[in-house]
Structures are given as structure tokens and as C-alpha cells.
Amino acid sequence: MKISESDYYRNEMDIPYDPGIGFQIGMNLNLIQHIPYQVRDKFVSLISIMGNRSSGAPRRSFPIDDLADRLDPSTEEKREFWDKDFGVLMTHDVDTRLGYNYGLAKFVEIEKQMNFVSTFNIVPKSYEYDVSKQLVKSLLDDGFDVGIHGLHHDGKFAYLTPSEQRERIKEAASIGRRLGVSVLGYRAPLLHRTKQMVRILTEEGFHWDSSFPDTDASTTGYASTGSRTIFPFYPLYFNGTEWQRSGMLEFPVSMPQDWTLLYYYRLSEQSMLKVWKKKLDYIKSRGGLAVFVIHPDQEDFGHPKHHKAYRELLSIIIEADAEILTSAELSKRWKAKFPSV
Ligand SMILES: [Zn+2]
């Protein structure tokens, strides 16, 4: 198949996936487990940024970089997809025990009150919590969506061999199915994606993935990466002999994450809300898709002290008159309108 210039950038073909040697050393020495979660991210991000500078890796603009959209002649058509001016996917990666036991239910309560829907990405074999089938059922029954957040949340995926990566994804998919998730979707833990990941997810029957940021200045080991688009797209993978377009949809993470603004940029809640509103306005003006990652964990927006700001964020989205969707719903509708070719 022919790879267009926009494909080239959307699929990050210009960058090597390199989670950073600092992270790998820490992982091998088992140091990472002893550093508090958020500090760990920050520590590794600093190392990876330094690494990228010295290796001369290409930089992305943050928080807006739409190069792939500008190069894609079908962008105008995609802008017309929505029933409103633009789309919003609210996603929650459930990383910790308290996020699962407390933050998740709190987000559900807040969102129900505000007539909102979201996607909860659960870790099928978490070291911190056991996913209950009953909880998954009640989320799905209430109109929420459930995605699969890796198999374990241990930051090791990118260092595994391709067959080990496949084993993990295969097991995650089978647990997801057993839990009753019919439209399987994936979010890579720590957004650690690999060259094989899209192929494996496609072959294991995932319908959507949301692991590529649009532009990213801070994610662990992946600073200065991103797909440079604010629209869903069908990612490419190499099948051993040639490039193929996946039938699985990618929803780029196009909004800065809560932890990024809290810990990397160290913003106040009011400044965070301003940053989110600014980017939301931009995505609305382009008719794109805003994909949020807001964590129900105590270190992040799941902490009670942030619940008021979370409600404010939801109000900003509602006032912007966005079309608010679940990942499964968007995946079905987008595929019907723009099939993968
Ligand atoms: Zn996570």
C-alpha cells in the first residue's frame, strides 16, 4: 500500500520508540518500584528529554501540533463527521487500588449527575486490584464504556520481546472478553507503545486503541512524540513483508493528561482548566476529537480535593456543546462512515 505523507507522521515513522535508557536501568535494578508513582514519571521524563536532545530526535510542538492533518486532503471531510461541532471522549485509566476502589465510583457519580459518559480503562491483571465482572457489567449497563489498560501496569511492556508482548495482549483480550466487554479497546500503560503493538492489537481483535498522543512533551520515555492529528485514524503496521492499514481505529490522546499538568508543568487547578479550555476551543474550531485522560487515582484527579475542578472541567466541555461519546460508540460510527481501506 502507498504510505502518504500524513500516514508517515501519524504513525510516528520519523521517530524510534525508545522508552529511554534511564527507565530501563531503573527497571532492571528494580528501583522503579520503590519510587512513588508520579515522581517516577517525572524523573524518567527528564532523562528521556535529555536523551532526545542529545540524539537529535525530532521535536513536536506542544500543546498543538497538527502537521498530519494539514497534509491530509480528507481532513475537511472528517470535520463534518459530528452531529455537533466536535467530539469528546473522556477516558479514565484506573492505575491504582484506590483509583479502582474509590475514585472510579466517584467519577461515575459525578458524571451521572452531569449527564456525562466516559470510558474506564481497567488493568485486567493489576497487582493492585482485582476487576469484578459485576462492576464491568454495571458500568456497561449504565452506558459507560470499559477499555483494557494493558495486562499489568508495570511499565515493562516496551522491553519485552514481540512474542512476550503478544502473550500479554492476548491474555488481556481474553480476560476482557470474559469480563463481558464486547467492543474491545486498548490503552497502553504509560502510553508505552511499540512497533509491534498495532499489529498485535489488530490480530487479537481489538476494535479501537487510544495510546498515541497527538503531541507529547512529557510522557515517560516518549517525550517529543505524537501522531500530529486530532482525528481518529487507522494506524499502519508492518506484517513482515509490507505495510498494512489496520481495521482498528486509533483515538489520539489530544488533551494534556491530568498528571502532566499537575506534576510535569506544576500548574494550579485554575491554570489547568485554562489550558484544557484553550485546547478544547482549538479542537472545536477544527472539528476534531478531544480525548481526555483523567485518572481516578488519589495522586491525580481522583483525589477529593480535585473533584470540584473535575466538575468544572465537565461544565466547560458541556458548555462548549461537544458531542460526548464512549469509545465503543465512536468506533462503530466512525467505521461505518469512514471504513478502513
Ligand atoms: Zn495508566
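**Helix 12 and its neighbours**

In this predicted model, helix 11 passes helix 12 in a right-handed crossing.

Q: What makes helix 11 and helix 12 "roughly parallel" to each other?
A: Their axes cross at roughly 20 degrees. Angles under 35 degrees count as roughly parallel. Helix 11 and helix 12 are therefore roughly parallel. The two axes come within 10 Å.

Q: Which residues of helix 11 and helix 12 meet?
A: E269, L273, W276, K277 and L280 in helix 11 meet A309, E312, L313, I316 and I317 in helix 12. Contact here takes C-beta atoms within 7 Å.

Q: How do you know that the span of helix 12 is close to the expected one?
A: Helix 12 covers residues 307-319, 13 in number. The expected span uses 1.5 Å times one less than that number, which gives 18 Å. From first C-alpha to last, helix 12 reaches 18 Å.

Q: Why are the buried residues of helix 12 said to line one face?
A: The buried residues are Y310, L313, L314 and I317. Seen down the axis, they fall within an arc of 95 degrees, so they line one face of helix 12. Residues three or four places apart point the same way, because an α-helix has 3.6 residues a turn.

Q: What covers the buried residues of helix 12?
A: The cover includes strand 1 (87-94), helix 6 (97-113), helix 11 (269-286) and strand 10 (323-325).

Q: What makes K308 and E319 "exposed"?
A: A residue counts as exposed if 12 or fewer other C-beta atoms lie within 10 Å of its own. K308 and E319 are classed as exposed, on the face of helix 12 turned away from its buried side.

Definitions and conventions. Residues are numbered from 1 along each chain as its sequence is written. This is a predicted model: local features need pLDDT of at least 70, side-chain atom pairs count only at pLDDT 80 or more; totals for chains, interfaces and linings use all residues. Helices (H or I, at least four residues) and strands (E, at least two) are DSSP runs, numbered from the N terminus. A residue is buried if 20 or more other C-beta atoms lie within 10 Å of its own, exposed if 12 or fewer, and partly exposed in between; C-beta atoms are placed from the backbone. The arc is that of the directions from the helix axis to the C-beta atoms. Two residues are in contact if their C-beta atoms, placed from the backbone, lie within 7 Å. Axes are lines fitted to C-alpha atoms, for helices over the stretch in contact, and angles run from 0 to 180 degrees between N-to-C directions. Angles under 35 degrees count as roughly parallel, over 145 as roughly antiparallel, 65 to 115 as roughly perpendicular and the rest as oblique. A crossing is left-handed if the near helix is turned anticlockwise from the far one by less than a right angle, and right-handed if clockwise.
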